Amino acid sequence: MLKKLMVIFSLGFTMFICPQISHAYDAEYYQEPYRNQVHFSPEFGWMNDPNGLVYYHGLYHMFYQYYPYGLLWGPMHWGHVISTDLTHWIPQKIALYPDAQGNIFSGSIIIDKKNDSGFGKDTMIAFYTNDRKGIQDQRMAVSHDEGQTWKKIHEPIMRNPGIKDWRDPNVFWYEKDKKWIMVLAAQHKAMFYSSKNLKQWTLMSTFGSTDQSKGVWECPSLMRLPVENSNQKKWVLQISRTDGSPAGGTGVEYFVGDFNGQHFIQSRKLKRRDWVNYGADYYAAIPWNNLEGPRGERVTIAWMSNWKYAERIPTTPWRNSMTLPVSLTLVKMGDSFRLKQTPIYHLKPQDGHIRFHQKTIQPSTNVLKGHKFKVGEIKAEFDLSKSNAKEFGFRLREGVGQYTKIGYQVTTHQLLVDRSHSSDFHFNSDITGVHAIHMNPTNHKIQLHIFLDRSSIEVFGNDGIRVITDQIFPRAKSDRISLYSSGGHTVITSFVLQPFTSIWGSSPLVSNIKKWQTIKGIWADSISGKVGQSEGEGSILSNRMGKNFEYESDVTILNKHYINKITGTGGLIFYSDKVAKNMYVAALDVSHKSVQLIKYDNGKRMVIAQKPMTLIGNQKYHLKVVARQHLIKIYLDKNLVIEKEDPTFKQGLVGLYTFQSTSAFQNIRLKLKTKMR
């Protein structure tokens with residue numbers, strides 16, 4: 001069992017002490033263009049909302065909305081990763097699959113410590129929204145092995161009361177009344193339910209904002225947070241709006257108040273709306289259950305994207321990342337309360353560290369000239385009492401015609417991120433290029449804590465009182481950095497720049513082939529091995545060429561169409577040219593229930609031999625090709641199924657193949673031979 005989590009809060013920052021994780025670095029794994037190096041993203045496929053965040057037995061579990069068969073939103077699954085430090089994430093197998101009853105939408109997970117449900121003490125229980133053709137109800141799934149396998153309880157625990165958008169159950173234990181509370185989003189309001197046994201739920205109350213002009217409510221959460229520098233605690237209701245955020249599009253709003261076990265009462269109704277984040281790429285934030293800091297601090301994470309353009313961002317073979325996790329507290333400011341966010345991270349330093357103190361920055365100088373910076377953090381403090389500049393800050397990922405500006409406008413007291421020149425990608429006409437928020441100095445000082453990744457920026461202003469998160473997609477050569485001062489000089493009291501190494505370790509692919517080149521389709525390494533997806537033909541070639549050889553792999557044709565059991569083809573390429581137009585394929589055709597030997601001659605596809613077999617999706621098969629020039633033998637699970645002579649091709653590259661499917665290949669081995677058995 002892993003060590004118990006210890007949480008230490010000191011000197012205004014958060015540290016989570018956990019067992020160290022050793023990761024061997026892989027030069028190709030998670031190294032695609034725009035792949036973030038210190039933020040979580042899935043190995044393959046589409047991801048959106050974080051779900052079911054729970055801490056248990058030394059492990060942080062993060063589930064998420066997942067479509068593993070392409071780069072667009074599709075029938076929702078729950079992906080699953082675990083961590084011991086909230087930084088390094090280890091992929092697990094998919095937790096929940098959609099079925100004939102519907103898709104698996106967002107929700108939460110609790111640990112039933114006292115067996116209130118009757119499923120057993122310490123059962124892990126997931127609550128999720130089941131969506132079938134737009135009709136949404138609430139359901140449960142249970143796990144008795146800490147989230148590795150799940151059993152759905154198909155009968156709804158809450159049937160739809162006639163509300164179109166009624167989803168995303170967030171469940172937690174309310175100690176005062178010894179009962180469970182569920183918060184549900186319902187169009188433009190939150191609905192509060194209670195239960196003693198987690199199966200029967202009673203509606204207690206609703207809460208709705210006076211401003212319902214834009215956006216449906218989603219992904220609610222209710223948390224009790226400590227107020228810094230006091231013994232006071234307040235309740236915070238977070239909701240995600242599908243539209244209407246300050247930057248445009250999706251965002252997360254919060255309300256501060258009290259909760260008496262039945263009703264949430266907002267402290268005071270303000271004309272302004274309070275947002276957790278003022279960038280364009282922060283959504284669906286929820287907290288980890290079963291986890292609190294020593295003063296009651298809570299930890300959340302969010303989806304780092306925006307529904308206005310999430311399906312178009314220029315990434316492959318995955319789409320979308322998560323933000324860094326943050327620790328949440330409240331700060332009293334005048335007669336209101338503001339959310340304070342402290343980033344949590346355990347990142348390994350890389351060479352390139354820069355540090356200085358008490359330096360005056362003139363408009364005509366750049367003290368960081370010549371430095372390159374792509375992944376890491378900046379901590380800087382500016383003294384306004386000794387400065388006369390109108391604006392100061394940083395230009396990151398600078399290149400020819402490109403930069404992203406993080407600045408502070410002194411006269412207007414505006415913290416801003418300007419990504420209008422950050423990339424060639426057109427985000428959306430509804431999304432502003434400059435994302436700004438009012439931020440007053442503290443004792444005439446401005447503090448900036450910036451996290452830069454390959455395709456994102458997170459800015460924490462004045463100890464996390466203001467936060468801006470944005471995606472950027474600069475060219476690889478845009479890697480310079482500037483520290484600027486406009487309209488006068490700026491005094492910077494302290495500055496630290498620290499590059500970080502990648503959080504990603506070795507590829508889970510087991511193979512004696514190391515180099516691959518994608519020809520068609522989408523390919524990536526995953527816990528299932530080398531995975532390829534294509535609506536038509538997909539192929540990837542190695543750098544290994546053979547004439548006489550044995551070439552083998554475990555092959556699984558993933559069942560994309562889980563309801564009607566239709567799937568496609570996957571196989572081994574051999575004797576291929578460099579563009580996969582002339583080659584053979586030993587293929588498992590699940591759709592037509594046969595093992596096939598396919599020949600591509602100048603791109604023309606011909607089945608030259610086949611053996612009828614009862615093949616099914618999601619089952620692992622072992623496929624082997626033994627070839628010596630014109631003689632080809634194909635084995636399935638050690639049984640010879642095809643033997644064929646064909647003189648068209650006698651040598652070439654080996655590779656992998658998928659057709660109208662998502663196919664996974666693991667334990668890939670090529671053995672060159674001089675003799676034929």
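Strand β20 and strand β22, residues 321–322, pair in the antiparallel sense. Two bridges hold that pairing. Look at W303: its opposite number in β22 is M322. Keep in mind that this is a predicted model.

Stay with W303 for a moment. On β19, the bridge partner of W303 is Y283. Strand β19 covers residues 283–287 and runs antiparallel to β20. Three bridges join the two.

Next, β23. That strand spans residues 326–333. Again the sense is antiparallel, and β20 pairs with β23 over three bridges. Here T300 stands opposite V326.

So how many residues of β20 are buried? Seven of the seven, across residues 298–304. That is why I call β20 largely enclosed by the rest of the structure.

Now along β23 to K332, which is found in that strand. Buried or exposed? K332 is partly exposed, because its relative accessible area is 44%, and partly exposed runs between 20% and 50%. Which residues does K332 touch, once neighbours within four places in sequence are set aside? V227 and F337. For a sense of distance, take S245. K332 and S245 are 87 residues apart along the chain. Their C-alpha atoms are separated by 23 Å.

Over to Q136. This one sits in strand β9, residues 135–143. Its relative accessibility is 3%, so Q136 counts as buried; the cut-off is under 20%. What does the side chain of Q136 do there? It makes a polar contact with the side chain of D131, at 3.0 Å. A polar contact of 3.5 Å also joins the side chains of Q136 and R167.

The wider contact list for Q136 leaves out neighbours within four places in sequence. D131 and R167 are both on that list. F105, T129, N130 and N160 are there too. So are K164, D165 and W166.

A word on confidence. The protein averages a pLDDT of 92. Of the residues, 93% score at least 70. Where is the weak stretch? Residues 1–25, with pLDDT below 50. In the model, that stretch has 61 contacts beyond near neighbours in sequence. Careful with those: where pLDDT is low, the predicted coordinates should not be read in detail.

To close, back to the two side chains on screen. Q136 is buried at 3%. K332 is partly exposed at 44%.

Key: Residues numbered from 1 in each chain as written. Predicted model: local features only at pLDDT ≥ 70, side-chain atom pairs only at ≥ 80, totals over all residues. Heavy atoms only, no water. Helix = DSSP H or I, 4+ residues; strand = E, 2+ residues; numbered from the N terminus. Buried < 20%, exposed > 50% of the residue type's maximum accessible area, 1.4 Å probe, protein only. Polar contact = N/O pair within 3.5 Å; in protein donor to acceptor, adjacent residues only side chain to side chain. Contact = heavy atoms within 4.5 Å. pLDDT = per-residue confidence, 0-100. Pairing = 2+ DSSP bridges.
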